[in-house]
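Me: I have a protein model open and would like to understand the words people use for it. Could you go through them with me?

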Amino acid sequence: MFTTADLANMRSAHTDRLQDECYIQALTETTNTYGEVVNSWADSGSAIACGLDMSAGSEVRGINKTVVQYDAVLRLPITSAVAETQRIRVTKRYAESLTTPIVYDIISPIQRGPSGIRILLNKVSV
């Protein structure tokens, strides 16, 4: 079992190695004049440190062996508040601003480890 000091050291090391910057975006649903639901996304706070691995892959899930395809994996500090219904907007890679931010949908349950959070993502065409 990890001690409190072990967890604090692991979490500090995890956060210190996050070289990217992103925003968590919340969904707002409105209805237009024709009664259609219109989704919009807005940053739900300030920028946070993150680690984006743009390697695509797949995982097998559940009792029925559902295959989940993903475009990227995101690491976040353990203190991040994120839900499966939100999006991620990456604005910096390796501490350099991106000309065009990359937007991702969260496609997996939030995977919480001892030192941080791991999320599977699919790129959104904007």
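Me: What share of the 126 residues of the protein counts as buried?

Reply: Happy to help! This is a predicted model, and in it 32% of the 126 residues count as buried. A residue gets that label when its relative accessible area is under 20%.

Me: Which secondary structure elements does the protein have, and in what order do they run?

Reply: There are 1 helix and 10 strands. Starting at the N terminus, the order is α-β-β-β-β-β-β-β-β-β-β, with the helix ahead of the strands.

Me: Why is Cys 22 called buried?

Reply: Cys 22 has 0% relative accessibility. The cut-off for buried is under 20%, so Cys 22 counts as buried. You can reason likewise for Cys 50: its relative accessibility is 0%, so Cys 50 is buried too.

Me: How many disulfides does the structure hold?

Reply: The structure holds 0 disulfides. To count, a pair of cysteine sulfur atoms would have to lie within 2.5 Å, and a search with that cut-off gives 0.

Me: Why is Lys 123 called exposed?

Reply: Its relative accessibility is 54%. Exposed means over 50%, so Lys 123 earns the label. You will find Lys 123 in strand E10, which covers residues 116–123.

Me: What does Lys 123 touch, leaving out residues up to four places away in sequence?

Reply: Lys 123 touches Asp 71, Ile 102, Val 103 and Tyr 104. A contact needs heavy atoms within 4.5 Å. As for Met 54, its C-alpha atom is 9.8 Å from that of Lys 123, and the two residues are 69 apart along the chain.

Me: What makes Arg 93 and Asp 20 a salt bridge?

Reply: Their side chains meet with an N to O distance of 2.7 Å. The cut-off is a nitrogen of Lys or Arg within 4 Å of a carboxyl oxygen of Asp or Glu, so 2.7 Å passes the test. The pair links distant parts of the chain: Arg 93 sits in strand E7 (residues 87–93) and Asp 20 in strand E1 (residues 20–31), 73 residues apart.

Me: Are Arg 93 and Asp 20 buried or exposed?

Reply: Arg 93 has 13% relative accessibility, so it counts as buried. Asp 20 has 6%, so it is buried as well.

Me: How many salt bridges are found in the whole structure?

Reply: The search finds 3. One of them joins Asp 43 and Arg 89, whose closest N and O atoms are 2.5 Å apart. Asp 43 is in strand E2 (residues 37–43) and Arg 89 in strand E7, so this pair ties together parts 46 residues apart in sequence. Another joins Asp 105 to Arg 87, with closest N and O atoms 2.8 Å apart. Asp 105 belongs to strand E8 (residues 96–106) and Arg 87 to strand E7, so the parts tied together here are 18 residues apart in sequence.

Me: Why is Asp 43 called partly exposed?

Reply: Partly exposed lies between the cut-offs of 20% and 50%. Asp 43 has 32% relative accessibility, so it falls in that range. Asp 105, with 28%, is partly exposed too. Its partner Arg 87 has 15%, so Arg 87 counts as buried.

Me: How many positive and negative side chains does the protein have?

Reply: The protein has 12 positive and 13 negative side chains. The centres of the two sets lie 5 Å apart.

Terms used: Residues are numbered from 1 along each chain as its sequence is written. This is a predicted model: local features need pLDDT of at least 70, side-chain atom pairs count only at pLDDT 80 or more; totals for chains, interfaces and linings use all residues. Side-chain values use heavy atoms; hydrogens and water are left out. Helices (H or I, at least four residues) and strands (E, at least two) are DSSP runs, numbered from the N terminus. Buried means under 20% relative accessible area, exposed over 50%, partly exposed in between (1.4 Å probe, protein chains only). Lys and Arg count as positive and Asp and Glu as negative; His and the chain ends are not counted. The place of a charge is taken as NZ of Lys, CZ of Arg, CG of Asp or CD of Glu.
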